[in-house]
Amino acid sequence: MKIIKAYDNGKEFGEIALEEGLSHLTISIIIKDKNRILEAVKGAIGIKSTILTKKRQGPVHKIEKLLVIWIKDQIQKRIPMSLLTIHTKSCSLFENLKEQQENYCEYFNAIKFGSQLSAKSEVNLDWVDEHQLQRLNEMLIVVDENDKVIGAGTKRNCHLNENTEKGLLHAFSVVLFNTENKVLIQRSDTKFTFPVYFTESCSSHPLYNPLKMEEQDAIGVRRAAQRRLQAPPEQISLEDIFFMTIYHHKARSDKIWGEYEVCYLLLIRKNIPVNPDPSETRHFCYMTKEELPELLERGARREVKVALWLRTIAEKFLCKWWSHLDEVTQFVELDKIHRV
């Protein structure tokens with residue numbers, strides 16, 4: 001119950017995992033099964049649970065149910081778990097169902113994909129912020145060029161250049177406008193990819209868990225963006241986050257790191273307090289329609305570093321939207337993927 005309450009109060013999976021001494025995947029699976037856990041205890045403590053996701057059936061449901069039972073048993077016995085031990089147990093369940101000739105393929109796409117990714121253990125990350133290091137083990141959603149889920153992998157492995165061609169990351173970009181029609185631009189000095197680059201207001205990846213994978217109205221991506229913005233619901237609700245379109249982006253940060261992503265472009269127009277996490281953002285400012293092109297020009301002259309995808313967003317989308325922010329929904333393209 002402590003883990004579920006922490007998640008409902010707005011804490012990230014990584015933060016909860018650190019506090020409880022459990023792996024990120026362990027926390028993810030507990031949260032995924034939270035409705036069943038709440039149902040089991042609500043009679044005793046009077047909690048009213050709400051079903052947030054569709055009930056899953058078949059081999060997927062069976063394997064997940066068995067894995068959650070095993071994880072709960074390990075937690076109760078205070079037996080340490082890691083991604084490796086959970087992966088090993090998952091493979092064991094997989095083999096058992098395979099022998100029973102069940103349709104087991106769907107659930108193990110993620111595990112099979114993850115095992116295909118290379119992992120460079122010799123990469124030096126001593127300079128990276130501690131919070132960023134913790135997030136390297138987050139499990140991200142991997143998709144094909146048409147945004148169909150094909151598996152999952154850690155943030156670390158998926159951002160190695162040698163792995164980017166094996167699948168695209170399911171990602172999002174947020175452009176946050178205030179009511180003066182200025183857009184928030186940020187820069188981070190401590191991220192392991194694209195440090196000191198100017199980027200859009202917020203960008204990240206939905207994690208590989210059910211609440212972030214719901215597709216209708218891009219609700220999973222919008223939930224992920226809301227949490228990533230670290231703003232309470234009364235400041236930014238899901239209704240404040242407009243899903244505008246989808247675009248591809250591919251870039252190398254250096255010889256080791258890079259990314260290839262299917263990005264959901266989200267727009268918010270609202271005045272909100274900006275309280276950036278110092279491990280994520282070292283500089284931010286609001287820019288006008290005239291000031292952003294000036295920043296891009298400075299980037300072209302190599303006076304500053306500007307993320308390639310910020311240029312894409314500005315030149316392909318914002319140039320058309322900016323003068324029509326009061327009626328910006330006319331530019332919504334829900335079923336189109338811009339392959340730039």
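Colleague: What volume does the largest cavity have?

Modeller: About 290 Å³. Keep in mind that this is a predicted model.

Colleague: Which residues are closest to its centre?

Modeller: Lys191, Thr193, Ser203, Glu259 and Trp309 are the closest, out of 28 residues that line the largest cavity.

Colleague: And which elements give two or more residues to that lining?

Modeller: One helix and a run of strands: α8 (130-135), then β3 (168-177), β4 (183-187), β5 (197-199), β6 (202-204), β7 (242-252) and β8 (258-269).

Colleague: How does the lining of the largest cavity split by class?

Modeller: There are 11 polar residues, 9 charged ones and 8 nonpolar ones.

Colleague: How many cavities of 30 Å³ or more are there?

Modeller: The count is 3.

Colleague: Let's switch to the packing. Which residues touch the most other members of the largest nonpolar core?

Modeller: Leu292 and Trp321, in a core of 32 residues. The elements supplying at least two residues each are β3, β4, β5, β7, β8, α11 (291-300) and α12 (308-321).

Colleague: Which of them has the largest share?

Modeller: α12 does, with 7 residues of this core.

Colleague: Back to Leu292 for a second. What does it touch, leaving aside residues up to four places away in sequence?

Modeller: Leu292 is in contact with Val183, Ile185, Met287, Ala314, Leu318 and Trp322. Apart from the core that Leu292 belongs to, there is another one of 24 residues, including Phe172, Val174, Ala225 and Tyr260.

Colleague: Ala225 sits in α10, right? Is that helix mostly covered or mostly open?

Modeller: Mostly covered: α10 spans residues 219-228, and 9 of its 10 residues are buried. Ala225 is one of the buried ones.

Colleague: Which others in α10 are buried?

Modeller: Ile219, Gly220, Val221, Arg222, Ala224, Gln226, Arg227 and Arg228. So the buried set includes arginines as well as residues such as Ile219 and Val221.

Colleague: What comes after the helix, and what is its phi?

Modeller: α10 is followed by Gln230, which has a positive phi, near 55°.

Colleague: Last topic, cysteines. How many disulfides does a search of the whole structure find?

Modeller: It finds 0 disulfides.

Colleague: Is Cys202 buried or exposed?

Modeller: Cys202 is buried, because its relative accessible area is 7% and the cut-off for buried is under 20%.

Colleague: And how does Cys285 count?

Modeller: Cys285 counts as partly exposed, because its relative accessibility is 23%, which falls between the 20% and 50% cut-offs.

How values were computed
Residues numbered from 1 in each chain as written. Predicted model: local features only at pLDDT ≥ 70, side-chain atom pairs only at ≥ 80, totals over all residues. Heavy atoms only, no water. Disulfide = S-S within 2.5 Å. Buried < 20%, exposed > 50% of the residue type's maximum accessible area, 1.4 Å probe, protein only. 1 Å grid on protein atoms, 1.4 Å probe; cavity = no way out; pocket = protein on both sides within 12 Å on 5 of 7 lines; lining within 4 Å. Points joined across faces, edges and corners; volume = space filled by probe spheres on them. Helix = DSSP H or I, 4+ residues; strand = E, 2+ residues; numbered from the N terminus. Nonpolar A, V, L, I, M, F, W, Y, C, P; charged D, E, K, R; others polar. Core = buried A, V, L, I, M, F, W, Y, C linked by side-chain atoms within 4.5 Å. Contact = heavy atoms within 4.5 Å.
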